[in-house]
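Biologist: Please take a close look at one part of this structure for me, the place where the two chains meet, and then follow the salt bridges from there into the rest of the model. I would like one connected account that I can read beside the coordinates.

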2 protein chains.
Amino acid sequence: MRTLIPYTPRHPKSRLGELLSGRERRAFARTMLEDVLRAVRDADGDPVVLTTERVPDLEATQHVDDRPLSEAVNAALAPPMAVVMADLALATPESLRRAFEAVGDVVVVPGRGGGTNVLVVRHDDFAVDYHGNSLGDHRAITAAAGLHLEEIDSFRLAFDVDEPDDLGEVLLHGDGSAPDWLRAHDVHLHVTDGRVGVTRSSE
Amino acid sequence: MRTLIPYTPRHPKSRLGELLSGRERRAFARTMLEDVLRAVRDADGDPVVLTTERVPDLEATQHVDDRPLSEAVNAALAPPMAVVMADLALATPESLRRAFEAVGDVVVVPGRGGGTNVLVVRHDDFAVDYHGNSLGDHRAITAAAGLHLEEIDSFRLAFDVDEPDDLGEVLLHGDGSAPDWLRAHDVHLHVTDGRVGVTRSSE
């Protein structure tokens with residue numbers, strides 16, 4: 001399955017700013033990207049990084065397009081094709097394979113907050129719209145075009161990294177390089193009152 | 001599949017206190033319980049509410065045990081049996097059926113924060129331990145007993161309700177009575193800066 005992985009190398013993951021510096025956030029975003037690339041390949045996917053600017057020293061095909069996300073994806077979309085977000089730090093080959101192998105004109109994996117974290121498009125009459133509640137929009141677009149939409153229920157693919165607390169889930173459930181990167185940068189699990197969060201300290 | 005649903009009618013969901021009164025939290029916890037009961041039955045499960053005190057006017061078999069959670073569950077556990085948490089507000093019959101039908105001496109659905117949201121136990125040599133990082137403990141207990149552990153990747157079952165922001169996911173993804181209850185109590189989706197949260201107001 002040819003798979004677009006949209007990526008923004010500049011100023012990624014600003015909401016992690018209370019924990020990581022700008023340089024660290026760029027390094028961590030790239031670590032997550034490389035984990036996603038590996039998981040896509042291990043699921044027999046053929047990844048293309050759709051990036052707003054060229055990423056140096058990346059072992060992957062790159063397609064540079066600095067337009068807004070939906071425009072750039074629609075311009076590159078050539079069904080059958082998948083679109084997988086670059087910050088799915090818990091993605092595994094098994095979870096991606098479920099999405100790639102699901103039957104439907106369009107397959108979506110709903111994300112937290114109404115996002116569309118993984119999309120498989122097999123029909124030319126579909127275009128993406130990632131703005132706002134993209135899951136609701138993608139359901140509506142599919143219905144309007146009379147296409148069959150299949151939804152896949154996966155925690156590993158529903159989870160993306162936005163907030164500092166999300167790093168706790170990466171440390172708990174991740175099995176790529178991202179949890180190693182966090183530990184090497186002194187980000188540790190911190191459990192208080194039943195809540196999982198993170199602290200940064202050289203323990 | 002016989003299914004224990006642990007429940008605490010008194011002082012539930014204290015972390016929702018900034019949004020809902022004590023009385024409202026009890027009503028909302030019960031609404032989620034009834035959604036879970038319905039989903040378990042629709043997945044051909046046979047539910048028993050394992051409650052710390054009798055729940056009035058509940059159309060379900062109740063087993064009262066006021067000991068701490070793990071003790072009460074272990075005392076009632078008679079494999080083959082499932083244990084499903086009462087606050088899985090996004091649970092559907094389909095997601096539960098995946099867990100019930102999975103092959104393994106022990107089947108777990110990992111939850112956010114290292115929890116064990118659904119458990120299917122088919123072997124007498126297993127006992128639960130819900131304290132702390134229960135997922136890690138359940139993996140260790142299974143390995144020590146030489147049992148086969150199967151893990152199910154499901155967002156709908158990985159998600160439980162703890163924090164006010166979690167109510168946003170219930171409003172977005174829920175299809176039981178819980179989202180209706182929230183809307184009837186003026187809890188609405190609120191999206192700022194890409195984050196989904198909730199506000200309470202009679203709009």
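Modeller: Between chain A and chain B an area of about 1700 Å² is buried, and carbon and sulfur atoms give 50% of it. Please keep in mind throughout that this is a predicted model. The size of an interface is often given as the accessible area lost when the parts come together. Counted by residues, the contact joins 23 residues of chain A with 23 residues of chain B. Of the interface residues of chain A, 100% are also interface residues in chain B, so the copies meet through the same surface.

The arrangement of the two copies fits with this. A turn of 180°, with a shift of 0.0 Å along the axis, lays chain A on chain B with an RMSD of 0.0 Å. The two copies are therefore related as by a two-fold rotation axis. In chain A, the C-alpha nearest that axis belongs to F155(A), at 1.8 Å from it.

Turning to the polar side of the interface, twelve residue pairs across chain A and chain B are found in polar contact, both residues being at pLDDT 80 or more. On the side of chain A that touches chain B, the elements giving two or more residues are α3 (93-101), α5 (155-158), α6 (166-173) and β9 (195-200) of chain A. The residues on that side of chain A divide into six nonpolar, eight polar and nine charged.

Two salt bridges are counted between chain A and chain B. In one of them R98(A) pairs with D153(B), with the closest N and O atoms 4.0 Å apart. In another, the side chains of R98(B) and D153(A) meet, again with 4.0 Å from N to O. This pair crosses between the chains, running from R98(B) in helix α3 (residues 93-101) of chain B to D153(A) in the loop between β7 (149-151) and α5 of chain A. The two partners sit in different surroundings: R98(B) has a relative accessible area of 28% and is therefore partly exposed, whereas D153(A), at 16% relative accessibility, falls under the 20% limit and so counts as buried.

Helix α6 is worth following in chain B as well, where residues 166-173 are mostly covered, eight of the eight being buried. Among these buried residues of α6(B) are D166(B), E169(B) and H173(B), together with L167(B), V170(B) and L171(B).

Beyond the interface, a search of the whole structure finds 26 salt bridges over all chains. One of them, in chain B, joins R38(B) to D35(B), with the closest N and O atoms 3.1 Å apart. Both residues lie in helix α1 (residues 22-42) of chain B, three residues apart, which is about one turn of the helix. Here R38(B) is partly exposed, with a relative accessible area of 40%, while D35(B) is buried at 9%.

A further salt bridge in chain B, between D160(B) and R112(B), brings the closest N and O atoms to 3.3 Å. This pair links distant parts of the chain, since D160(B) is in the loop between α5 (155-158) and α6 of chain B, and R112(B) is in the loop between β5 (106-110) and β6 (116-121), 48 residues apart. D160(B) is buried, with a relative accessible area of 12%, and R112(B) is partly exposed, with 24%. In chain A, K13(A), D87(A) and D162(A) are linked in a network of salt bridges.

Two individual residues complete the account. T142(A) is found in helix α4 (residues 134-144) of chain A, and at 1% relative accessibility it counts as buried. Its side chain reaches the backbone oxygen of H138(A) at 2.5 Å. Leaving aside neighbours within four places in sequence, T142(A) is in contact with V106(A), F126(A), L147(A), H148(A) and L149(A).

In chain B, Q62(B) lies in strand β3 (residues 61-64), and with a relative accessible area of 13% this residue is buried. The side chain of Q62(B) reaches the backbone nitrogen of V55(B) at 2.7 Å. Not counting residues up to four places away in sequence, Q62(B) touches V49(B), T51(B), E53(B), R54(B) and V55(B).

How values were computed. Residues are numbered from 1 along each chain as its sequence is written. Chains are lettered from A and ligands numbered from 1 in the order in which they are written. This is a predicted model: local features need pLDDT of at least 70, side-chain atom pairs count only at pLDDT 80 or more; totals for chains, interfaces and linings use all residues. Side-chain values use heavy atoms; hydrogens and water are left out. Helices (H or I, at least four residues) and strands (E, at least two) are DSSP runs, numbered from the N terminus. Buried means under 20% relative accessible area, exposed over 50%, partly exposed in between (1.4 Å probe, protein chains only). A polar contact is a pair of N or O atoms within 3.5 Å; within protein, one must be able to donate a hydrogen and the other to accept it, and residues adjacent in sequence count only if both atoms are side-chain atoms. Contact means heavy atoms within 4.5 Å. Copies are superposed by least squares on the C-alpha atoms of residues with pLDDT of at least 70 in both. Buried area is the accessible area (1.4 Å probe) that two parts lose on being put together, summed over both. Ala, Val, Leu, Ile, Met, Phe, Trp, Tyr, Cys and Pro count as nonpolar, Asp, Glu, Lys and Arg as charged, and the others, Gly among them, as polar.
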